[in-house]
Amino acid sequence: MTKISTATAISEINSELISNVDVVPQGYRLGLSLYLESCATCHVAVPPQVLPTESWQIILRDSQHYGVQLPPLIDPPRQLVWKYIQVSSRRKSQQDERIPYRIASSRYFKALHPGIELPQKVNIKGCVSCHPKVQNFDFRTLSSEWTE
């Protein structure tokens, strides 16, 4: 399991070298930092862009995080993380669209990986096989097998 160093991630954010999916506006970088501190210490931090805003709303409120009991994120950090996620994720576009709880069933994840035959089952542990710098929240850098 790849874990991100919070100090490294914060350093990357502050130096603006971070290669997230989208550029994070300055006013939301504290929320990003808190997001990484809360999430990336246990698993690869998933970019908010791979799930719709509605999914994140459920995930942030769920004390049973994918079957694991977590202490609740409380205010004000919760509000800062939520504001970062809101500005970084996309709302579902169709009223009858099902809200995905896993990245494998998210059309946003699929849109960010057009025409790519993924090498293994889609899960957050597998991100590192294509994105070798996920420990620094860098999803733009690809492994050499994808850049040739």
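1. A residue is called buried when its relative accessible area is under 20%, exposed when that area is over 50%, and partly exposed in between. The structure discussed here is a predicted model, and these words are used for it throughout. Arg78, for instance, has 28% relative accessibility, so the residue counts as partly exposed.

2. Arg78 also takes part in a salt bridge, since its side chain meets that of Asp75 with nitrogen and oxygen 3.1 Å apart. Asp75 is likewise placed in the partly exposed class, because its relative accessible area is 42%. In general, side chains of opposite charge can pair when their charged atoms come close, and this structure holds three salt bridges.

3. A second bridge joins Glu54 to Arg91, with 3.2 Å between the closest N and O atoms. Because Glu54 sits in helix H3 while Arg91 belongs to the loop between H4 and helix H5, the pair ties together parts of the chain that are 37 residues apart in sequence. The two partners differ in their surroundings: Glu54, at 10% relative accessibility, is buried, whereas Arg91, at 55%, is exposed.

4. In the remaining bridge, Arg107 is paired with Glu97, and the closest N and O atoms are 2.7 Å apart. Arg107 lies in helix H5 and Glu97 in the loop between H4 and H5, so this contact connects parts ten residues apart in sequence. Glu97 is buried, with a relative accessible area of 14%, while Arg107 is partly exposed at 35%. Arg107 has a further contact, for it lies over the face of Tyr108, 4.6 Å from the ring centre.

5. Which helix is largely enclosed by the rest of the structure? It is H2, residues 29–39, and the reason is that eight of its eleven residues are buried; among them are Leu32, Tyr35, Leu36 and Cys39.

6. The largest nonpolar core has 24 residues, and those with the most contacts inside it include Leu32, Tyr35, Trp56 and Ile85. Two or more residues of this core come from each of H2, H3 and H4, and H2 gives the most, with five.

7. There are four aromatic pairs in the structure. One of them is formed by Tyr35 and Tyr84, a tilted pair with 5.8 Å from centre to centre and 45 degrees between the planes. This pair links distant parts of the chain, as Tyr35 is in helix H2 and Tyr84 in helix H4, 49 residues apart. Both tyrosines are buried, and ring pairs join them with Trp56, Phe137 and Phe139 into a cluster.

Methods: Residues are numbered from 1 along each chain as its sequence is written. This is a predicted model: local features need pLDDT of at least 70, side-chain atom pairs count only at pLDDT 80 or more; totals for chains, interfaces and linings use all residues. Side-chain values use heavy atoms; hydrogens and water are left out. Buried means under 20% relative accessible area, exposed over 50%, partly exposed in between (1.4 Å probe, protein chains only). Helices (H or I, at least four residues) and strands (E, at least two) are DSSP runs, numbered from the N terminus. Rings of Phe, Tyr and Trp (its six-membered ring) pair if their centres lie within 6.5 Å; planes under 30 degrees apart count as stacked, over 60 as edge-to-face and the rest as tilted. A charge sits over a ring if NZ of Lys or CZ of Arg is within 6 Å of the ring centre and within 35 degrees of the ring normal. A nonpolar core is a set of buried Ala, Val, Leu, Ile, Met, Phe, Trp, Tyr and Cys residues joined through side-chain atoms within 4.5 Å. A salt bridge is a side-chain nitrogen of Lys or Arg within 4 Å of a carboxyl oxygen of Asp or Glu.
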